[in-house]
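Here's a quick tour of two spots worth a look: some strand pairing in one chain and an enclosed space in another. Load it up and follow along.

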Amino acid sequence: MALGMAFGIIILVAKYLFLGLIYLFLYWAFKGLFAQMGSEARSAPQVPAAAAPVPAAQPTLVPSPAATLPGTVPAFAPAPVRTRASLLVGDAGESSLSQGETIELTAAVTIGRADDNGVVVKDKFCSGHHALIFLQGGQRLLRDRGSTNGTFHNGQRVTTDVALRDGDRVGIGTAVFEYHAGTQ
Amino acid sequence: MRRTIISPGRRSELSLLIFSTFVSVLGMALVCVAMQQMPLRALRVTAVSAGFILTAMLLQVGGKSRDRLLLPCASLLCGIGIVVLWRINPDLASRQILWMLLGLSAMVGIYLLVDDVRDLAPYKYTAGAVALGLLIITMVAGRESHGARLWLGVDGYFMFQPVELAKILMALFLAGYVAEKGDIIRASMRPGVFLSGFKHMGPLLLVVLFFLGVFVAQRDLGAAVLFLGLFVAVSYLATGRKTYALLSLILFAGGMVGAYYLFGHVRQRFDIWINPWADPTGNGYQILQGLFALGSGGLTGVGLGHGFPGTIPAAETDMVYAVIGEEMGLAGTLAVLLLYVLVVARSFDLGMRARNQFASLLATCLGVVFALQTLVITGGVLRLIPLTGITMPFISYGGTSIVVNFIALGLLLAVSRDAVSEETDPKLRDGRTD
């Protein structure tokens with residue numbers, strides 16, 4: 001009798017478990033669907049920007065925050081001030097960064113949404129491990145780490161490592177950075 | 001470095017596939033316990049799930065990125081299908097497992113064979129002609145079953161339903177035609193001018209009307225609705241004009257009204273829909289048994305193996321949705337619908353991603369076919385629309401239907417490879433416009 005009841009309860013639990021698991025599957029699958037749909041919605045308008053000869057579609061940087069950087073204002077610098085190479089946030093987009101923020105670069109800095117990155121960018125369109133900027137042979141190179149929405153160098157999508165030069169624009173997710181080589 | 005970043009998507013596909021295996025086995029175990037069979041027989045469903053996992057790995061060999069969502073969804077749909085079929089008739093379910101494995105191999109074949117989906121575009125007229133030819137041969141020399149001549153082949157050896165194959169061929173034809181003529185159609189349209197561009201839409205309409213004639217003669221109403229619906233969708237895709245969609249819809253409605261007055265069997269179907277109680281033991285029997293089953297299922301169902309699918313005519317094919325409703329309840333029927341939503345939404349998503357028109361239209365057309373099939377049969381069982389015989393993708397019993405659904409899936413996967421590879425390679429993207 002008791003055994004029969006226990007059996008009945010197990011079957012009842014299994015019945016709801018079965019339905020519940022199907023919905024758990026649906027939850028995961030829909031999450032995957034929407035995640036990828038969102039990425040497409042963002043990358044679509046970037047296509048003409050990448051194809052255009054002049055990277056005009058990338059938002060132009062506001063000059064005023066750039067002027068606050070010591071390295072770019074020679075008139076006010078009688079002696080060369082030693083500054084580190086840095087990234088200036090030209091357009092924060094929808095990311096957690098704020099415009100005009102300066103990020104100093106070390107020998108190798110990873111950029112991405114995950115917390116283990118050197119520069120953490122909380123942005124829906126930024127991949128977990130999005131990009132890497134590293135020093136090699138006196139040059140600072142930009143590398144895309146297989147991001148979903150791509151890394152953009154002066155409006156061109158990065159496929160192989162590219163060397164950064166002073167004033168270059170780096171697009172990651174919705175944010176656009178300006179690279180400053182510094183005087184180091 | 002790139003490789004390692006791409007892999008998480010693959011892992012999640014595999015984990016979803018393994019998860020769907022687990023769900024299917026649980027469902028099978030419930031059915032086997034309720035039907036007092038050896039619970040170990042539940043493991044038979046793993047043949048299909050293992051087939052899916054193996055397929056996913058096999059399609060990985062090329063190393064190209066592709067869609068990761070369609071296979072897990074199809075796997076769970078197939079699993080649920082086997083569970084429900086096993087409950088209705090274990091022999092049919094065993095045969096269905098074989099059909100699914102055959103379908104999976106057909107899918108792999110299509111995926112590997114079609115290197116670039118655009119290679120199929122030149123065969124659009126061939127596809128249309130073959131579809132029409134098959135249907136006409138069936139009409140003349142087909143085998144009759146349930147009052148409709150829908151089968152082709154040699155009795156006892158090899159039989160198949162050409163109309164199922166015709167769906168895919170029709171999608172290929174429409175996608176090919178519109179991809180080629182789409183620009184001309186749009187260019188010939190004048191803003192504000194009613195029906196400008198008809199010159200190039202006209203031939204399409206003629207072809208569709210011809211198909212409709214065949215279906216009406218064959219008394220295959222489900223297929224007629226499906227093809228008309230596909231035409232409505234394509235005419236909107238081709239022109240981007242709501243006028244055309246509206247016009248096709250009016251045509252659709254007009255055709256329905258015309259069919260009602262012209263054909264006795266259409267009138268009968270319609271009358272059953274309006275009032276199944278007029279003849280509850282005769283014409284209305286099937287739909288009423290289905291409604292009773294859905295009603296007794298309630299919110300979460302009577303439990304797998306505890307319903308009475310034997311009382312519903314054609315429970316394993318047309319009425320399978322009612323069996324799901326009885327044993328898995330509203331929760332189960334909604335879950336199945338949502339799985340179809342996933343497949344359809346993904347197809348449309350791929351259609352929007354694809355960088356060339358043909359691939360884009362093909363994915364969208366296949367999505368429309370899946371969507372219409374699901375809507376027509378579930379709507380019919382739920383008595384939202386008149387019931388017309390059409391299969392439920394991946395769930396209804398039927399060899400041709402299963403294999404063809406897998407072929408469609410293979411085409412979608414091929415489109416996804418195309419879409420993704422062009423997305424990651426900007427060099428290819430610029431040179432490729434159709």
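How many bridges join E5(A) to strand E6 of chain A, and do they run parallel or antiparallel? Keep in mind that this is a predicted model. There are six bridges between E5(A) and E6(A), and the two strands run antiparallel. One of the matched pairs to click on is A:Leu135, whose bridge partner in E6(A) is A:Arg140. These two strands make a hairpin with two residues between them. In that turn sits A:Gly137, with a positive phi of about 55°.

E5(A) also pairs with strand E3 of chain A, again antiparallel, through four bridges. Here A:Thr110 has A:Leu132 of E5(A) as its bridge partner.

| Strand pair | Bridges | Residue ranges |
|---|---|---|
| E3(A) with E5(A) | four bridges | 108-112 and 131-136 |
| E5(A) with E6(A) | six bridges | E6(A): 139-144 |

Now for the cavities. The count is four cavities of 30 Å³ or more, and the largest one holds about 70 Å³ of space. Which elements give two or more residues to its lining? They are helix H6 (162-188), helix H13 (357-381) and helix H14 (399-424), which belong to chain B. H13(B) gives the most, with four residues.

What's the chemistry of that lining? It splits into six nonpolar, two polar and two charged residues. Among the lining residues are B:Glu164, B:Lys167, B:Phe370, B:Gln373 and B:Asn405, and the list also includes B:Ile168, B:Leu366 and B:Val404.

Methods:
Residues are numbered from 1 along each chain as its sequence is written. Chains are lettered from A and ligands numbered from 1 in the order in which they are written. This is a predicted model: local features need pLDDT of at least 70, side-chain atom pairs count only at pLDDT 80 or more; totals for chains, interfaces and linings use all residues. Side-chain values use heavy atoms; hydrogens and water are left out. Two strands pair if DSSP finds at least two bridges between them. On a 1 Å grid over the protein atoms alone, a cavity is a set of points where a 1.4 Å probe fits but cannot get out, and a pocket is an open set with protein on both sides within 12 Å along at least five of seven lines; lining residues have an atom within 4 Å of a point. Grid points are joined across faces, edges and corners, and a volume is the space filled by probe spheres set on the points. Ala, Val, Leu, Ile, Met, Phe, Trp, Tyr, Cys and Pro count as nonpolar, Asp, Glu, Lys and Arg as charged, and the others, Gly among them, as polar.
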